[in-house]
Amino acid sequence: MTRRYLVAGNWKMHKGVADTAAFLEELLAAKRPRNVDVVVCPPYISLPAAAMLLTRSGIGLGAQNVHWESSGAFTGEISAPMLADLDVGWVIVGHSERRTMFGETDETAARRARRAQEEGLTVIFCLGETLKQREAGETIDVLRQQASVLTDLDPAKLVVAYEPIWAIGTGRTASPEQAQEAHAFLRSELRGHFGDEAANKVRILYGGSVKPANAADLFRQPDVDGGLIGGASLDVPSFSAIIRAAAHLAAGASS
Ligand code: PEP
């Protein structure tokens with residue numbers, strides 16, 4: 001089973017319109033491998049400018065969150081139809097920063113994901129354990145619980161991002177073996193939810209301090225299908241180097 005690598009940049013609360021345009025112009029000017037899927041997820045405010053620049057570029061555009069209702073009295077929220085109107089094809093849901101700082105739960109994340117998929121968006125659904133949970137030997141139980149809400153999603157429009165919270169923005173990365181162990185477990189859960197064929201097609205990204213220096217070792221693992229990249233997605237040389245790492249592995253696998 002060959003899944004295409006996906007490298008997605010989560011810019012978080014970085015890059016307004018001018019910085020987004022500068023980044024994308026530089027990225028588009030550089031030579032890009034065609035055997036890797038690439039997505040950037042700027043802040044909401046920068047999505048219209050990014051959508052214009054990325055038209056017919058082959059680079060996907062994602063948002064960092066979405067509400068579960070289509071419209072209504074939800075001050076500060078953005079809906080899936082609004083994103084679809086802008087040609088936003090992807091959305092990150094359930095990021096640990098939303099879970100720990102903004103009250104996101106497995107259930108609210110699942111509602112957002114469902115509504116986004118109904119609108120045709122592909123969901124990058126984030127999950128992962130805290131350091132305390134890992135040290136207490138609870139990682140598998142936590143992942144099982146977090147993944148349990150994926151059952152009524154459409155696997156064809158689903159990407160799972162395993163992001164151990166202790167590795168996000170900390171410079172600490174899961175070892176390739178730790179990542180593979182978690183990803184293999186998540187894939188087995190997906191098989192239970194969706195059956196073998198559909199589950200084998202779902203991409204499972206690793207996120208947590210992926211850098212050009214460690215990307216290849218992580219991406220080489222059989223169930224690691226690319227990365228959700230935070231800090232290293234904010235400048236073109238490091239984001240491009242991570243994309244190239246995936247491209248080299250993909251080229252090796254197909255030769
Ligand atoms: C993230 O926030 O999704 C992330 C993986 O961040 P970083 O790469 O900076 O650890």
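A cavity is a set of grid points where a 1.4 Å probe fits but cannot get out, and its lining residues have an atom within 4 Å of a point. With that in hand, let's work through this predicted model.

**Exercise 1. Which residues line the largest cavity, and which elements give two or more of them?**

Step 1: start with the count. One cavity of 30 Å³ or more turns up, and the largest cavity has a volume of about 50 Å³.

Step 2: walk around the wall. The lining is made of Gly94, His95, Ser96, Arg99, Cys126, Leu127, Gly128, Gln146, Glu163, Ile165 and Ile168.

Step 3: put those residues on their elements. α4 and β5 (122-127) are the ones that give two or more residues to this lining.

Step 4: sort by class. You get four nonpolar, five polar and two charged residues.

**Exercise 2. How do α1 and α2 pack, and which residues make the contact?**

Step 1: get the geometry. Two packed helices are described by the angle between their axes and the distance between the axes. Here, helix α1 (residues 17-29) meets helix α2 (residues 47-54) at an angle of about 20°, and their axes are 9 Å apart.

Step 2: name the arrangement. Angles under 35 degrees count as roughly parallel, so α1 is roughly parallel to α2. The crossing of the pair is right-handed.

Step 3: list the partners. On α1 they are Val17, Thr20, Ala21, Leu24, Glu25 and Leu28, while α2 brings Ala49, Ala50, Leu53 and Leu54.

Step 4: check the chemistry. The contact of α1 with α2 holds eight nonpolar residues, one polar and one charged.

**Exercise 3. What is the arrangement of α1 with α11?**

Step 1: take the numbers again. The axes of α1 and α11 come within 10 Å and cross at roughly 45°.

Step 2: classify. That angle makes α1 oblique to α11. As for handedness, α1 and α11 cross in a right-handed way.

Step 3: find the contact. α1 uses Phe23, Glu26 and Leu27, and α11 answers with Val236, Pro237, Phe239 and Ser240. By class, that is five nonpolar, one polar and one charged.

**Exercise 4. At what angle do α7 and α8 pack, and which residues touch?**

Step 1: helix α7 (residues 139-147) packs on helix α8 (residues 176-194) at an angle of about 35°, with 10 Å between the axes.

Step 2: look at the sense of the crossing. For α7 and α8 it is right-handed.

Step 3: go through the contact. Ile140, Leu143, Arg144 and Ala147 of α7 touch Ala182, Phe185, Leu186, Glu189 and His193 of α8. Six of these residues are nonpolar, one is polar and two are charged.

**Exercise 5. Which residues lie nearest the centre of the largest pocket, and which lie nearest the centre of the second largest?**

Step 1: begin with the largest pocket, which has a volume of about 460 Å³. Its lining counts 16 residues, and Lys12, Met13, Gln64, Arg98 and Phe102 lie nearest its centre.

Step 2: ask who gives the most to that lining. For the largest pocket, helix α4 (residues 96-101) does, with three residues. By class, the lining splits into seven nonpolar, five polar and four charged.

Step 3: move to the second largest pocket, with about 310 Å³ of space. This pocket is lined by 16 residues, and those nearest its centre are Thr2, Arg3, Tyr5, Ala250 and Ala253.

Step 4: finish with its elements and classes. Helix α11 (residues 236-254) supplies the largest share of the lining of the second largest pocket, four residues. That lining has eight nonpolar, four polar and four charged residues.

Notes: Residues are numbered from 1 along each chain as its sequence is written. This is a predicted model: local features need pLDDT of at least 70, side-chain atom pairs count only at pLDDT 80 or more; totals for chains, interfaces and linings use all residues. Side-chain values use heavy atoms; hydrogens and water are left out. Axes are lines fitted to C-alpha atoms, for helices over the stretch in contact, and angles run from 0 to 180 degrees between N-to-C directions. Angles under 35 degrees count as roughly parallel, over 145 as roughly antiparallel, 65 to 115 as roughly perpendicular and the rest as oblique. A crossing is left-handed if the near helix is turned anticlockwise from the far one by less than a right angle, and right-handed if clockwise. Contact means heavy atoms within 4.5 Å. Ala, Val, Leu, Ile, Met, Phe, Trp, Tyr, Cys and Pro count as nonpolar, Asp, Glu, Lys and Arg as charged, and the others, Gly among them, as polar. On a 1 Å grid over the protein atoms alone, a cavity is a set of points where a 1.4 Å probe fits but cannot get out, and a pocket is an open set with protein on both sides within 12 Å along at least five of seven lines; lining residues have an atom within 4 Å of a point. Grid points are joined across faces, edges and corners, and a volume is the space filled by probe spheres set on the points.
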